[in-house]
Amino acid sequence: QYWCRIMDSNPSMKWVMKAPFTTNKQHFYKYDICTPSAALRHINTVHRKLWGPIPECYEIEYLLLQERVKNNKEAKLCFFGGEFHHFTMGSAGNLKQSFPEYSSDDLIQFATLALQSVSRHPEYLLDGLVRVDLFFSENDQKLVVNEFESLEASFLTTKHDVQMKASAWLKRYWEKKIYTCISDVFSADY
């Protein structure tokens, strides 16, 4: 397995395993994984919690395995319709401290290119809200995408005018999506 080879080739590196979105702290989060066997043990524990005789958790689609970094600060950039809109609450104020080598423009450019590269995939819904979460990989000494979140991603910011514009954009987006779906259903019936 690809991830086993990566883990074995970096024996001093520690890893984090988590579920996507907000579920990651609910039964699934595991840090200080150092070996493929430890990762597999955690996967088996999650499997038992999900599908055991008395399931303890709701279903998840996948688990993420990622490098555990000392500086785990993230820049969370919100995109609407593929265009950068704003940094989320907490991200913008900590950028200089968390990413001293990078300007805001550098982070926006990197996140934009990352989003453009995955937007070519036909199964991704990236025309609405997409939040690109970045962090600095200490192992590779470069920026990496932690994850792409959409639909239910938090887009809160401390700037009231930006928050209002974001909320208004999302309202128009969802009204248009719902109207299109309803129109398609009614036109298919006739």
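**Strand pairing, aromatic contacts and internal space in the predicted model**

The secondary structure of the protein chain comes to five helices and seven strands, as read from a model that is predicted. Along the sequence, these elements follow the pattern α-β-β-α-β-β-β-α-α-β-β-α. The protein chain has 190 residues, of which 37% count as buried.

Four of the strands form an open sheet in the order β5-β4-β6-β7, and the pairing within this sheet is antiparallel. The edges are taken by β5 (83-87) and β7, each of which has a single partner strand, so that one side of each is left without a neighbour in the sheet. From one strand to the next, the twist averages 30°.

Within this sheet, β4 (residues 75-80) is paired with β6 in the antiparallel sense over six bridges, and with β5, again in the antiparallel sense, over four bridges. In the pairing with β6, Ala75 has Leu134 as its bridge partner, while Phe80 stands opposite Leu129. Phe80 also takes part in the pairing with β5, where its bridge partner is Glu83. The hairpin of β4 and β5 has two residues between the strands, and Gly81 takes a positive phi near 60° in this hairpin. Five of the six residues of β4 are buried, so this strand is largely enclosed by the rest of the structure.

On the other side of the pairing scheme, β6 and β7 run antiparallel and are joined by eight bridges. Arg131 stands opposite Glu149 of β7. Four residues lie between the strands in the hairpin of β6 and β7, where Gln141 takes a positive phi near 55°.

Outside the four-stranded sheet, two positions bring distant parts of the sequence together. Val16 has its place in strand β1 (residues 15-18) and, at 6% relative accessibility, counts as buried, because the cut-off for that class is under 20%. The C-alpha atom of Val16 is separated by 7.9 Å from that of Leu64, although the two residues are 48 residues apart along the chain. Leu65, which has its place in strand β3, is partly exposed, with a relative accessible area of 26%. The C-alpha atoms of Leu65 and Met17 are separated by 4.5 Å, and these residues are likewise 48 residues apart along the chain.

Leu65 reappears in the description of the second largest pocket, which holds about 460 Å³ of space. The lining of this pocket comprises 18 residues, and those that lie nearest its centre are Ile6, Trp15, Leu65, Gln66 and Glu67. At least two lining residues are supplied by each of α1 (2-9), β3 (64-67), β6 (129-137) and β7 (142-150). By residue class, the lining of the second largest pocket divides into eleven nonpolar, five polar and two charged residues.

Aromatic contacts were examined next. A pair of aromatic rings is described by the distance of the centres and the angle of the planes. The count comes to seven aromatic pairs. In the pair formed by Phe79 and Phe84, the ring centres are 5.8 Å apart and the planes stand at 75°, so the pair is edge-to-face. The two partners fall into separate accessibility classes: Phe79 is buried, with a relative accessible area of 1%, whereas Phe84 is partly exposed, with a relative accessible area of 26%. Ring pairs also link Phe80, Phe155, Trp169, Tyr173 and Trp174 into a cluster.

Two members of this cluster, Tyr173 and Trp174, recur in the lining of the largest cavity. Rolling a probe the size of a water molecule over the atoms shows where empty space is left. With a threshold of 30 Å³ or more, the count comes to one cavity, and about 50 Å³ of space lies in the largest cavity. The lining of the largest cavity consists of Leu125, Leu126, Asp127, Gly128, Leu129, Ser150, Leu151, Leu170, Tyr173 and Trp174. Helix α5 (residues 160-189) gives the most to this lining, with three residues. The lining of the largest cavity divides into seven nonpolar residues, two polar residues and one charged residue. Leu129, listed in this lining, is also the residue of β6 that stands opposite Phe80.

Technical notes. Residues numbered from 1 in each chain as written. Predicted model: local features only at pLDDT ≥ 70, side-chain atom pairs only at ≥ 80, totals over all residues. Heavy atoms only, no water. 1 Å grid on protein atoms, 1.4 Å probe; cavity = no way out; pocket = protein on both sides within 12 Å on 5 of 7 lines; lining within 4 Å. Points joined across faces, edges and corners; volume = space filled by probe spheres on them. Nonpolar A, V, L, I, M, F, W, Y, C, P; charged D, E, K, R; others polar. Pairing = 2+ DSSP bridges. Phe/Tyr/Trp six-rings, centres within 6.5 Å; stacked < 30°, edge-to-face > 60°. Buried < 20%, exposed > 50% of the residue type's maximum accessible area, 1.4 Å probe, protein only. Axes fitted to C-alpha atoms, helices over the stretch in contact; angles between N-to-C directions.
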